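Subject: Structure for your attention

Dear colleague,

I am handing over the structure we spoke of, and my notes on it follow below. Please read them beside the coordinates.

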Amino acid sequence: MISYPSRHCTVELQALPSRIGQVRRIVSAQLRYWHLDALIDRASLGVTELLSNVHRHAQPDKTCTVEIELLLDRLTVSVRDHDPRMPVVDDAEPLATCGRGLAMVAAMSESWGVRPDGESGKVVWFTLPTSSPAVAAPARRSRRAVQEKPARRFAEVGHSADGLRPDHAPARSAVAG
């Protein structure tokens, strides 16, 4: 008998723009399966940034592996590629359209880093805590109090001064029921 479902997911892909969206959907589905819905946005943002860096910078090819792993109170997302060059975090100019990806990953994660992977590659990773109150008990949206008003029947709607158009008509539906 297996008492715990798998806590590890691996996806191999070419880091092409069309594939990045697919991996985001896979990560989202896996986190839903693990009941970690509160982490979906941050994990998706982080994996998008890391895959975009592989697409933009990795040489000699764009082949990479995305791994998500759930251990105790921490989710680790990592991207392994075949380019041994380590990424550099630069200060982006205020109007620059790129160059902020790793800074965003650092800002939204608990921790992040890069490590060499053998002779010809590296792994860029980030972690997200799973034991925070937002993850343990997702916030429920409070229901606004709805002020109830009795519905006016069509015959009760008054007419304007010109007698041609109703003063205020209730919405009507063409759908029966």
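How much space lies in the largest pocket? The answer is about 600 Å³, and please bear in mind here and throughout that this is a predicted model. The lining of that pocket is made up of 26 residues, and those lying nearest its centre are N53, H57, P87, V88 and L102. Two or more lining residues come from each of the elements α2, β3, α3 and β5, with α2 giving the most, namely seven residues.

As to the overall layout, the secondary structure of the protein consists of four helices and five strands, which follow one another along the sequence in the pattern β-α-α-β-β-α-β-β-α. Of the 177 residues in the protein, 31% count as buried, while the accessible surface comes to about 12,600 Å², with 54% of that area belonging to carbon and sulfur atoms. If one takes the contacts between residues at least 6 apart in sequence, 57% of these join residues that are at least 24 apart.

The interior deserves a paragraph of its own. In soluble globular proteins, nonpolar side chains tend to be buried together. Here the largest nonpolar core has 31 residues, and V23, L31, V47, L51, L75 and V79 are those with the most contacts inside it. At least two residues of this core are supplied by each of β1 (8-14), α1 (17-33), α2 (40-57), β2 (63-71), β3, α3 (101-108) and β5, and the element that gives the most is α2, with six residues. Helix α2 thus gives the most to this core and also gives the most to the lining of the largest pocket. V79 is a convenient residue from which to look around: leaving aside residues up to four places away in sequence, V79 touches V47, L50, L51 and V54, then C64, T65 and V66, and finally K122, V123 and V124.

Turning to charged pairs, the structure holds six salt bridges, and I describe some of them here. In the pair formed by R80 and D117, the closest N and O atoms are 2.9 Å apart. Because R80 lies in strand β3 (residues 74-81) and D117 in the loop between β4 (111-116) and β5 (122-129), this pair ties together parts that are 37 residues apart in sequence. Both partners count as partly exposed, R80 at 25% relative accessibility and D117 with a relative accessible area of 29%. The pair is also part of a wider arrangement, since E67, R80 and D117 are linked in a network of salt bridges.

A salt bridge also joins R85 to D83, with 2.6 Å between the closest N and O atoms. Are its two partners buried or exposed, or in between? D83 is buried, because its relative accessible area of 4% falls under the 20% cut-off, whereas R85 is partly exposed, with a relative accessible area of 45%. In the salt bridge between R74 and D73, the closest N and O atoms are 3.4 Å apart; R74 counts as partly exposed at 30% relative accessibility, and D73 is likewise partly exposed, with a relative accessible area of 33%.

With best wishes

Note on methods:
Residues numbered from 1 in each chain as written. Predicted model: local features only at pLDDT ≥ 70, side-chain atom pairs only at ≥ 80, totals over all residues. Heavy atoms only, no water. Salt bridge = Lys/Arg side-chain N within 4 Å of Asp/Glu carboxyl O. Buried < 20%, exposed > 50% of the residue type's maximum accessible area, 1.4 Å probe, protein only. Contact = heavy atoms within 4.5 Å. Areas by Shrake-Rupley, 256 points an atom, 1.4 Å probe, with all protein chains shown as cover. Core = buried A, V, L, I, M, F, W, Y, C linked by side-chain atoms within 4.5 Å. 1 Å grid on protein atoms, 1.4 Å probe; cavity = no way out; pocket = protein on both sides within 12 Å on 5 of 7 lines; lining within 4 Å. Points joined across faces, edges and corners; volume = space filled by probe spheres on them.
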